[in-house]
Amino acid sequence: MRLTTKGRFAVTAMIDLALHHGSGPVTLAEISGRQKISLSYLEQLFGKLRRHHLVESVRGPGGGYHLARDMREVSVADIILAVDEPIDATQCGGKENCQDDQKCLTHDLWAALNERIFDYLGAVSLRQLVDSQKAKEMAQESGVAQVHDMRVMPTKRTTTVSA
């Protein structure tokens with residue numbers, strides 16, 4: 001399974017937005033500059049994120065975007081699904097018509113992998129990613145020579161996705 005640029009950029013942009021949460025609306029131009037993501041691409045992604053109620057836009061001078069929900073309530077799976085990124089390792093898109101309109105021998109293997117990936121991404125919150133990033137930045141600023149492994153460990157939570 002491969003996560004495309006769309007999903008990666010959406011998660012990156014949401015982390016950036018969350019890192020700057022509380023200091024007023026964040027413009028897409030600011031995110032674009034910091035993350036080196038095309039402004040027009042961000043506009044497309046944020047349109048989808050807004051329609052899925054993950055971000056809210058503020059119009060006018062000083063406008064931009066802010067989070068629509070608490071960071072603990074937003075999972076990586078929510079973000080990826082909001083931008084229409086499929087979480088699917090099957091060859092058939094889950095339709096069970098992989099080989100000559102029949103389910104292939106490995107379909108159940110890939111379908112089970114899909115479930116595991118979705119469960120993992122659904123258990124990692126935006127808050128965890130922000131906290132991890134802040135810890136890395138603090139370690140770098142304090143001159144720590146070696147930063148220990150700071151992988152994000154999922155927590156038990158239920159992911160809800162609105163259509």
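Is Y41 buried, partly exposed or exposed? Y41 comes out as partly exposed, with 23% relative accessibility. The close-ups below all come from a predicted model.

**View 1. F9 and Y41 meet edge-to-face.** There are two aromatic pairs in the count. In the one shown here, F9 and Y41 sit 5.8 Å apart, centre to centre, with 85° between the planes. That angle is over 60 degrees, so the pair goes down as edge-to-face. F9 belongs to helix α1 (residues 5-19) and Y41 to helix α3 (residues 39-51), so the contact ties together parts that are 32 residues apart in sequence. Like its partner, F9 is partly exposed: its relative accessibility is 27%, next to 23% for Y41.

**View 2. R34 and D16 bridge two helices.** The salt-bridge tally for this model is five. One of them joins the side chains of R34 and D16, at 2.7 Å from N to O. R34 sits in helix α2 (residues 28-35) and D16 in helix α1, so this pair links parts 18 residues apart in sequence. What about the cover on each partner, R34 and D16? R34 is partly exposed at 36% relative accessible area, whereas D16 is buried at 2%.

**View 3. R127 and D131 pair up within helix α6.** Here the closest N and O atoms of the salt bridge are 3.1 Å apart. R127 and D131 are four residues apart in the helix, which means about one helical turn separates them. Both ends keep some access: R127 is partly exposed at 21% relative accessibility, and D131 is partly exposed with 38% relative accessible area.

**View 4. D108 and K103 form another salt bridge.** Their side chains meet at 3.0 Å, N to O. K103 is partly exposed, its relative accessible area being 39%.

**View 5. L109, W110 and L113 make a nonpolar surface patch.** Together, the three residues offer about 260 Å² of accessible area. L113 is part of helix α5 (residues 107-123). At 31% relative accessibility, L113 counts as partly exposed; patch members need over 30%, so L113 makes the cut.

**View 6. S125 is tucked away in a loop.** You'll find S125 in the loop between α5 and α6 (126-141). With a relative accessible area of 5%, S125 is buried. Which residues does S125 touch, leaving out those up to four places away in sequence? The contacts are M71, R72, V74 and S75.

Conventions
Residues numbered from 1 in each chain as written. Predicted model: local features only at pLDDT ≥ 70, side-chain atom pairs only at ≥ 80, totals over all residues. Heavy atoms only, no water. Phe/Tyr/Trp six-rings, centres within 6.5 Å; stacked < 30°, edge-to-face > 60°. Buried < 20%, exposed > 50% of the residue type's maximum accessible area, 1.4 Å probe, protein only. Patch = residues over 30% accessible without salt bridge, like charges linked within 9 Å, V, L, I, M, F, W, Y side chains within 5 Å. Areas by Shrake-Rupley, 256 points an atom, 1.4 Å probe, with all protein chains shown as cover. Salt bridge = Lys/Arg side-chain N within 4 Å of Asp/Glu carboxyl O. Contact = heavy atoms within 4.5 Å.
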